[in-house]
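Q: Please take a close look at the aromatic rings of this structure. I am new to it, and I would also welcome an account of the surroundings that help to place them.

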Amino acid sequence: MKRLLLTLVIALTTLAAFAQRRVDGRVSDNATGESLIGATVAVKGSATGTVTGTDGSFTVTVPNDQAILTVSYTGYETREVSVGTQSRMDILLTASTTLVDEVVVIGYGKQIKSTLTGNIAKIGGENLKAMPVVSIEQAMQGQAAGVFVESVNGKVGGAMRVRVRGIGSITAGTEPLYVIDGIPIAKDARNTAGAPLNPLADLNFNDVESIEVLKDASAKAIYGARGSNGVVLITTKSGKSGKSRIEFDLQAGASMPTGKREFLNTAEYIELFTEAANNSDDIDGLPYDDPDSWTLFVESRFNRYSGFNDNWMSKKDVTDWQEEALRTGSIKNANLSFSGGNDKMRYYASGNWGDNTGILISNDLEKMGGRLNLDFDATKRLKMGVNLNLARTLTHQVSNDNAFSTPMQLVALAPFTPIRDDEGELNDRPVTTYYNGLIDVEDGSRKVFTLRTIVNVFADYKFTENLGLRLEGAGNFYNVRDDAKFGERTDNGNSNRGYGYSAFAGATDWNSNAVLHWDKDFDRHSLGFDAGTEFFKSEYNRTYVEGEQFPSDEFKTLEAAASITDGTSTITNYSFLSYFGRVRYNFDRKYLFNGSIRTDGSSRFGKDKRYAIFPAFSAGWVLSEEDFLKSSKTLSFLKLRASWGVSGNADIGNFQSLGLFSAGGYNGNSTLNPEQIPNPELSWEKSTEVDFGLDFGLFNNRLTGEIDYYVKNTEALLLDARIPGTTGYLDQTQNIGELQNKGVEFTLNSNNFVGKFSWTTSLNLAANKNKVVSLVGGQTLIDDGSNTNVVKVGEPIGVFFGPDYAGVDPQNGDALWYVNETDDNGNIINPEATTNVYDEANFVVLGSPMPDLIYGLDNTISYGGLTLNVRFQGQSGNKIQNGAGNFMSCGACWFDNQTRDQLDRWQNPGDITDVPEARLGYGNGEQVRSSRYITDGSYLRLKNVTLSYDLPRNWFGKSGISDLRVYVTGTNLLTFTKYEGWDPEVTTDYLASNTIYGVDFYAAPQPKTIVAGVRVGF
């Protein structure tokens, strides 16, 4: 009997063992398809279970076909799934309305947000879709706390500026590092002339899955020498196992300027300038080309500007030059994508086309591109893939803001000057006050072609369930061709029978890395590490040629030029070699620790300082997992975190550490001329940052948020220091100086209503204080003498500095300035003392162009298939200087048309006004470097409104359509500001630099755009 029982037990055990089998699978988000890291997969009714890896994959052993898997993940609804006969299961989880956890991309990996100890802001791809803007930075604006985004003007495809937690350098780069699918991308404008262009304008943000901005030292130190200004990780979409999907998005609309200025009409112009001439007749001195009087001089100019019409006094308004410069633009975009896959292979492919006619005449951009992201399981252990992107743009460019040929400077011309003469030709000088920029529109062209190819090949190999190796090799090939031709009448070509140039620039970046990952859970402990190496090399070459003397304006290429007047070619390169490691540990997802270290070597720095080490440490404590808070019905989640780390800035010229010579010639012989003294000690700018943060969730996580306080000290600034003249040189680039950024960030997300009617709100606020701590050798001021922006110790970078305008003397109409004389301690002796002599006024700080506060507010309301999204964005506390005020708002100091506020000028003793007496030729308070032309630049903007409707799916029957959305979207619809210029989001493009912000010099306003679109899925 015992033998029989023993035999039966052995047989049953054997059968059970044979019944057990392995099930593989992947857990992902039902809406986005994003892998869910750390999801729990348990066999119901047993102790068997596992957690998903970094790609959402899992392997679990089930007892039989009747087994049920219970799949759970923080912030998602738990699912129970029957195994049946399946050997692979792709399980989709739906986010609950109490979402507090999500997967975020970190440097060289992914992590669950609840276990993060650093500060990373995430912008989902759905928040970028269908926005009628040109570049991805514009789509980011107002969506992440502490991320300042500025379009320097409204030129289509124009330069953008992004600052993460303040301005990080005086002379080195201040833009964050952009990493697209693991590939660092340079953001240098490569066009030869004209307004600087944005090299990221070719990126199709409909392909973007998510954007993560690494802000604190713990998050960005893994990028070492290039992480000081923050890191923007852009992850593109990938295919998902399951049913294939086709999506087509088409939109079209119109753009118009967000604002316009008011200028004088003909009657007002004649009145003001006649009065100004009469006032000047009362001053000793005569106009430079008229022997009699200013009054006769101005009358001769009126006759000239009217087209030599003797009846100029009776002329009405002939031309609204502002309307000639600005127009109603148009925008058309189309995007087609295919995605899908099976348990072996996944794919995402897309194609896009866009045509954007700008609001500025002769300024357009057309772009097209395609993407293929492919990954497949070569074996059970090896996964391979490729990401390929092709993009082409064509920009019809205009001059920078400082050229007479730029359209916005047309506003300087007199309102009674006709556009054309009796022969139908465009009027030019002497009829126009200055060059007529419309001639550039008719007889000139600037075309900039760009072609970019980005390819990334990768392989993931799993040695064990916990240990894996990822290899990547990538290339970024970016080519720019400038072709320009200017006819004989243009400003560039009128002295040499036409002028043209052609330039080709090519940038090639190679990047490769190998990263070893290991992660393992030990009961309540979780431990992981990454160790890797990376090599990056960039090469840039440029060829340029120009010529003149064309047979006629019909010839458009340099082959027809009789004289080739210039030609040059250059080549430059740099490289990085890096080693890095990172360790993660958490106990019970309650006590969190993270440490990283990176060593970077760069060809840009001195031979004695080529390598540097960048460490970072961080910790977190999830208090809501403690017993004393776990039962709270109000507090759902609470985490404290702190971080410290060092990051670097290597964004400088390629050869600043070397002794350089320039080629020249003397007496017919070639020569080498000393150009730069070497500095083998030249090293990195280093930023040391501390961050203290609090993440919270209330009311079952219906209300979640983050609060951060940070201090970032940047030292060893790269500045030019004076050296003894006995060296043969005047200065040398050295590591001297220090600056500081510190601030507070606040993010709040709320699920106000949940259900058939839903309403979510997201608010972000950030206040940053920038301060220059020290400069070279006790120096307290860097001032080039020509701009109001300076670098001053104790003040923010780019602070406005000059005489303080005190208004107008009511007795004589003179402009006044505060004297601001100080004692030995720097205190102002008599704050009320004024002078009418500009040079007697002392310079004082006049405000900062950088805002004290930036913010964004987003609301999404849904009912049924109807969704309304409203996003506001703004900033406050900053100043803007009208850099053209000494031309357009100077009380008729010369013949530029004036803004209408100049009609409020002083005319009689006792008049109380802030506009001085008009004086032609002499000026009266027209010095641009003073507070007269500096005003409040704060603004609140209705950044984006989208109203969409998803048609019911049962309407489509068997048509193959799975979903269809129609929508209307508007950007920059309303702007609330006290600034009287065209637009408060401005820094004129010809001056934009590390130290110059907030200067408006004939900068085009931002476009206000409204589009209608349809998106259909199959």
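A: A residue is called buried when its relative accessible area is under 20%, exposed when that value is over 50%, and partly exposed in between. The model is a predicted one. Under this definition, Phe614 and Trp684 are both buried.

The structure contains 38 aromatic pairs. One of them joins Phe536 and Tyr574: the ring centres lie 6.0 Å apart and the planes meet at 45°, so the pair is classed as tilted. The two rings come from distant parts of the chain, with Phe536 in strand E25 (residues 525–548), Tyr574 in strand E26 (residues 563–587) and their positions 38 residues apart. Phe536 and Tyr574 are both buried.

The pair formed by Phe614 and Trp684 has another geometry. An angle over 60 degrees between the planes counts as edge-to-face. The planes of Phe614 and Trp684 stand at 85°, with centres 5.9 Å apart, so this pair is edge-to-face. Here too distant parts of the chain are linked: Phe614 belongs to strand E28 (residues 611–622), while Trp684 lies in the loop between strand E31 (669–676) and strand E32 (685–698), 70 residues away.

Aromatic residues also gather in a group. One aromatic cluster is formed by Tyr269, Phe273, Trp294, Phe297, Phe302, Tyr305, Phe416, Trp894, Phe895 and Tyr922.

Some rings have a charged partner. Arg481 is placed over the face of Phe449, 4.3 Å from the ring centre. In a similar arrangement, the charged end of Arg941 sits over the ring of Tyr939, at 5.2 Å from its centre.

A further aromatic residue, Phe308, deserves attention for its backbone. Its phi is near 55°, a positive value in a residue other than glycine. Most residues other than glycine have a negative phi, and most peptide bonds are trans. Phe308 is found in the loop between helix H5 (294–305) and helix H6 (321–325). With a relative accessible area of 47%, Phe308 is partly exposed.

A positive phi is also found at Asp588, where the value is near 60°. Asp588 lies in the loop between E26 and strand E27 (591–602), and its relative accessibility of 29% makes it partly exposed.

The loop between E21 and H7 offers another backbone feature. Pro430 is located in that loop, and a cis peptide bond with omega of about 15° joins Arg429 to Pro430. Asn427 also lies between strand E21 (382–396) and helix H7 (438–443). Its relative accessibility is 7%, so Asn427 counts as buried. The side chain of Asn427 reaches the backbone oxygen of Pro418 at 2.9 Å. Beyond its neighbours within four places in sequence, Asn427 is in contact with residues including Asp421, Asn436, Ile439 and Arg489.

Another asparagine, Asn363, occupies the loop between strand E19 (345–357) and strand E20 (364–377). Asn363 has a relative accessibility of 2% and therefore counts as buried. A polar atom of the Asn363 side chain lies 2.9 Å from the backbone nitrogen of Val156, and a polar atom of that side chain lies 3.1 Å from the backbone oxygen of His396.

The nonpolar surroundings complete the account. In soluble globular proteins, nonpolar side chains tend to be buried together. The largest nonpolar core has 28 residues, of which Ile211, Val213 and Ile234 touch the most other members. Among the elements that give two or more residues to this core are helix H2 (136–140), strand E15 (208–214) and strand E16 (231–236). With neighbours within four places in sequence left aside, the contacts of Val213 include Ile120, Met140, Val164 and Val231. A second, separate core comprises 23 residues, including Leu326, Ile361, Ile439 and the aromatic Phe1001. Ile439 thus belongs to this core, and it is also one of the residues that Asn427 contacts.

Finally, a tyrosine takes part in a sheet. Three strands form an open sheet in the order E41-E42-E43, with antiparallel pairing. Strand E41 (805–808) and strand E43 (834–835) are its edge strands, each pairing on one side only. Strand E42 (residues 815–818) pairs with E43 over 2 bridges, and Tyr818 stands opposite Thr834 in E43.

Key:
Residues numbered from 1 in each chain as written. Predicted model: local features only at pLDDT ≥ 70, side-chain atom pairs only at ≥ 80, totals over all residues. Heavy atoms only, no water. Phe/Tyr/Trp six-rings, centres within 6.5 Å; stacked < 30°, edge-to-face > 60°. Helix = DSSP H or I, 4+ residues; strand = E, 2+ residues; numbered from the N terminus. Buried < 20%, exposed > 50% of the residue type's maximum accessible area, 1.4 Å probe, protein only. Lys NZ or Arg CZ within 6 Å of the ring centre and 35° of its normal. Polar contact = N/O pair within 3.5 Å; in protein donor to acceptor, adjacent residues only side chain to side chain. Contact = heavy atoms within 4.5 Å. Core = buried A, V, L, I, M, F, W, Y, C linked by side-chain atoms within 4.5 Å. Pairing = 2+ DSSP bridges.
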